[in-house]
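Dear colleague,

Please find below the structure I am handing over to you, with its sequence. My findings follow underneath.

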Amino acid sequence: MKLNTNSNSYIIAYSAVLVIIVAFLLAFVFQALKPMQDANVALDLKKQILYSLNIRNLSDAEAEAKYAEVVKEESEKDGLKYYNVEVDGQQKYVFPLKGMGLWGGISGFISVNDDLNTIYGAYFNHESETAGLGAEIKDSQAWQEKFQNKKIADEQGNIAIAVVKKVENPASEVDCITGATLTSNGVSDMLRDGLKKYVELLKHE
């Protein structure tokens, strides 16, 4: 019996077999590449933590080695994860933060001296902020460096760190990114809300 390749049943069966084969191949490739993808994600996370410690421009191998050297412990308490770090013999803490920018999620790592009030370094990331504007929170190292040595809280213990249009208190305020007020506000909210939780947590240990 000659197969009728123009029949609806043949076309449907052929399409179904083709879809199954393609799906199987995609699943196989995904599983084969997943360990490499997971490793790349883990390495990127380590690099972001190092960036917040003002350690940059390392190769992948150098970043792995440096991370193992400076990060002494990954801790979690009351649902808050943080990193105990030692840089040049000095104790630091690195806090991961998450917030919302103009178009999507933003995140960051803030390293803090052992006084729990002085920022040592900062690194920010984003999901979909506008290139040349809000995306500068990630792309501008110079802007991230403005957070160094800023105070988290004032003398009364109130959270004072902020990103503002006009700096009136240089001890704890950073200029917002020009043309990216809403993204800058998101960073400011993320810092205030996130750092308050960590400082209160560690001060009561």
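Which residue lies over the face of Tyr120? That residue is Lys92, placed at 4.1 Å from the ring centre. Please bear in mind throughout that this is a predicted model.

Aromatic rings

The structure holds nine aromatic pairs. In one of these, the rings of Phe124 and Trp143 have their centres 5.7 Å apart and their planes at 50 degrees, so the pair is tilted. Phe124 belongs to strand β5 (residues 119–126) and Trp143 to helix α4 (residues 141–145), so the pair ties together parts that are 19 residues apart in sequence. Both Phe124 and Trp143 are buried. Ring pairs also join Tyr82, Tyr93, Phe95 and Tyr198 into a cluster.

Helix α2 and its surroundings

Helix α2 spans residues 60–70, and within this helix Ala63, Tyr67 and Val70 are buried. These three cover an arc of only 80 degrees around the axis, which puts them on the same side of α2. On the other side of α2, Ala61 and Ala68 are exposed. Among the elements that cover the buried residues of α2 are α1 (8–52), β1 (71–77) and β2 (80–87).

The packing of α1 against α2

Two packed helices are described by the angle between their axes and the distance between the axes. For α1 and α2, the angle is about 65 degrees and the axes are 10 Å apart. The crossing in which α1 passes α2 is left-handed. On the α1 side, the residues that meet α2 are Leu43, Lys46, Lys47, Ile49 and Leu50. Their counterparts in α2 are Asp60, Ala63, Glu64, Lys66, Tyr67 and Val70. Ala63, Tyr67 and Val70 thus appear again here, having been listed above as buried residues of α2.

Lys47

One residue of this contact deserves a separate note. Lys47 is located in helix α1. Is Lys47 buried or exposed? Its relative accessibility is 18%, and buried means under 20%, so Lys47 counts as buried. Leaving aside residues up to four places away in sequence, Lys47 touches Leu58, Asp60 and Ala63. Of these, Asp60 and Ala63 are in α2, among the residues that meet α1.

I would suggest viewing the structure in the order of the sections above.

With kind regards

Terms used: Residues are numbered from 1 along each chain as its sequence is written. This is a predicted model: local features need pLDDT of at least 70, side-chain atom pairs count only at pLDDT 80 or more; totals for chains, interfaces and linings use all residues. Side-chain values use heavy atoms; hydrogens and water are left out. Buried means under 20% relative accessible area, exposed over 50%, partly exposed in between (1.4 Å probe, protein chains only). Helices (H or I, at least four residues) and strands (E, at least two) are DSSP runs, numbered from the N terminus. The arc is that of the directions from the helix axis to the C-beta atoms. Contact means heavy atoms within 4.5 Å. Rings of Phe, Tyr and Trp (its six-membered ring) pair if their centres lie within 6.5 Å; planes under 30 degrees apart count as stacked, over 60 as edge-to-face and the rest as tilted. A charge sits over a ring if NZ of Lys or CZ of Arg is within 6 Å of the ring centre and within 35 degrees of the ring normal. Axes are lines fitted to C-alpha atoms, for helices over the stretch in contact, and angles run from 0 to 180 degrees between N-to-C directions. A crossing is left-handed if the near helix is turned anticlockwise from the far one by less than a right angle, and right-handed if clockwise.
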